[in-house]
Amino acid sequence: MIDIEVKLPEKTYHIHLAKGLRAQLGTSISRVWHPRQIALISDDHVAPLYMAELHAQLLAAGFTVLDIVVPAGEMSKSLTTLEQIITRLAAAGMTRQDGVIALGGGVVGDLAGLVASLYMRGIALIQIPTSLTAQVDASVGGKTAVNLQTVKNIIGTFKQPDLVLIDPDFLTTLSQRDLVEGYAEVIKTSILADTTFFALTGKITSPADILGHAEELIERSIRYKATVVMQDEHEGGLRRVLNFGHTIGHAVELEAHGALRHGEAVAIGMVTISRVFVRHQQMPVALFEALLKRIEQVGLPTSTDLVAAPDFMAHLQNDKKNQQGTLNLIGVAAVGQPFIYPVPFVKLTDFLGDI
């Protein structure tokens, strides 16, 4: 089993990564938590596959379990769903000594994490991510959030888990589209990290390759993100580089109204902003072409007409990375050399040009 320690100023926790870990989840959790009541939160795609098995393991380990299933998809990241879940926790008599487990992808992880951070001013949390997006990104680092109307992730907290348990075997039940969209976050991390990781993603040419190299791809992604988070837990500086592709990607995702997955929008965002930085001679053409090849060879989208939508610039302006009228855009000058480029919003249209 691969064990990655995340050591923060006020908390240290571990990420366990291993094929077959699914069969030992209850035992792993019992080593971290004493018997308590657990709200096990999942969605209606993941729950039929894995919830009963985990529920039984938790009961065998001495826990009491409250199953909560929400509709799959971004629409569940809402204040309405948040209130419904917290109401159920209160009705079940959960206390500050109890805990929440997130079993699912990024939406479930964000939502369950926010529930845990708010209920009774904070109860314990464990993340069990089942999608590639969640395993390499969403479950690590402590960000939680729900959306507010057309503003993505605007209501949230930083809530670090007590434990993250990752089994690459969960990925075998993903659709090809869901697997590939998660791989966009892996490509992003590889270009931010180092030449060894970027060379590895250069060898991935199909969804089958993603599954074949899943454990190494996940481990390298987590180690890089953990290193960044340990230096900048609350995104005051360095951690902003993890938003490469996300500023434009989030605007595209909102404008798509569910037609694009998060990773698909991020792929478009990476290509779009990189093309802009190439035009401004801040990113080498060869590096842009290498990034583009990695995105194209697994079938991820690279462009969309949605960037010309009437509300697109408004989505950028409402982005939480907009600080007093300045948007921090992320570029990459060389593999392992990301940079933060602040652009006043009044100059953003001219800077982006024809995207």
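Here is a friendly exchange on what the terms used for this predicted model rest on.

Me: Before we start, what kind of model is this, and how are residues numbered?
Reply: This is a predicted model, where local features need pLDDT of at least 70, side-chain atom pairs count only at pLDDT 80 or more, and totals for chains, interfaces and linings use all residues. Residues are numbered from 1 along each chain as its sequence is written, and side-chain values use heavy atoms, with hydrogens and water left out.

Me: What makes the contact between Asp169 and Lys19 a salt bridge?
Reply: The term asks for a side-chain nitrogen of Lys or Arg within 4 Å of a carboxyl oxygen of Asp or Glu. Asp169 and Lys19 have N to O at 2.8 Å, so the pair meets the rule. Asp169 sits in the loop between strand E9 (163-166) and helix H6 (176-193), and Lys19 in the loop between strand E2 (12-17) and helix H1 (25-30), so the salt bridge ties together parts 150 residues apart in sequence. As for what counts as a helix or strand, these are DSSP runs numbered from the N terminus (helices H or I, at least four residues; strands E, at least two).

Me: Why is Lys19 called exposed, and what is Asp169 called?
Reply: Buried means under 20% relative accessible area, exposed over 50%, and partly exposed in between (1.4 Å probe, protein chains only). Lys19 has 52%, so it counts as exposed. Asp169 has 27%, so it is partly exposed.

Me: How do you know that Asp110 and Lys77 form a salt bridge, and are they buried or exposed?
Reply: Their closest N and O atoms are 2.8 Å apart, so the cut-off is met. Asp110 belongs to helix H4 (residues 106-118), while Lys77 is in the loop between strand E4 (64-70) and helix H3 (79-91), 33 residues apart. Asp110 has a relative accessibility of 12%, so it counts as buried. Lys77, at 4%, counts as buried. Both residues also belong to a network of salt bridges that links Glu74, Lys77, Asp110, Lys152 and Glu253.

Me: What makes Arg261 and Asp178 a salt bridge, and how many salt bridges does the rule give?
Reply: Here the closest N and O atoms are 2.6 Å apart, so this pair qualifies too. Arg261 is in the loop between helix H10 (246-256) and helix H11 (262-279) and Asp178 in helix H6, so the pair joins parts 83 residues apart in sequence. Arg261 is partly exposed at 28%, and Asp178 is partly exposed at 24%. By the rule, the count comes to 15 salt bridges.

Me: Why are E1 and E4 called edge strands?
Reply: Two strands pair if DSSP finds at least two bridges between them. The open sheet of 7 strands has the order E1-E2-E9-E6-E5-E3-E4, with mixed pairing. Strand E1 (2-7) and E4 each have a single partner strand, so one side of each is left without a neighbour in the sheet.

Me: How do you know that E2 and E9 pair, and what about E6 and E9?
Reply: E2 and E9 run parallel and are joined by 4 bridges, so they satisfy the pairing rule. Ile15 stands opposite Val164 in E9. E6 and E9 pair in the parallel sense over 2 bridges, so they satisfy the rule as well. There, Leu163 in E9 is the bridge partner of Ile126. Leu163 and Leu165 point one way from E9, Val164 and Ile166 the other way, and all are buried.

Me: Why is Met51 called buried, and which residues does it touch?
Reply: Met51 lies in helix H2 (residues 47-60). Its relative accessible area is 6%, so it is buried. Contact means heavy atoms within 4.5 Å. Not counting residues up to four places away in sequence, Met51 touches Leu40, Ile41, Ser42, Val46, Asp67, Ile68, Val69 and Leu103.

Me: What is Leu148 called, and why?
Reply: Leu148, in strand E7 (residues 143-148), has a relative accessible area of 37%, so it is partly exposed.
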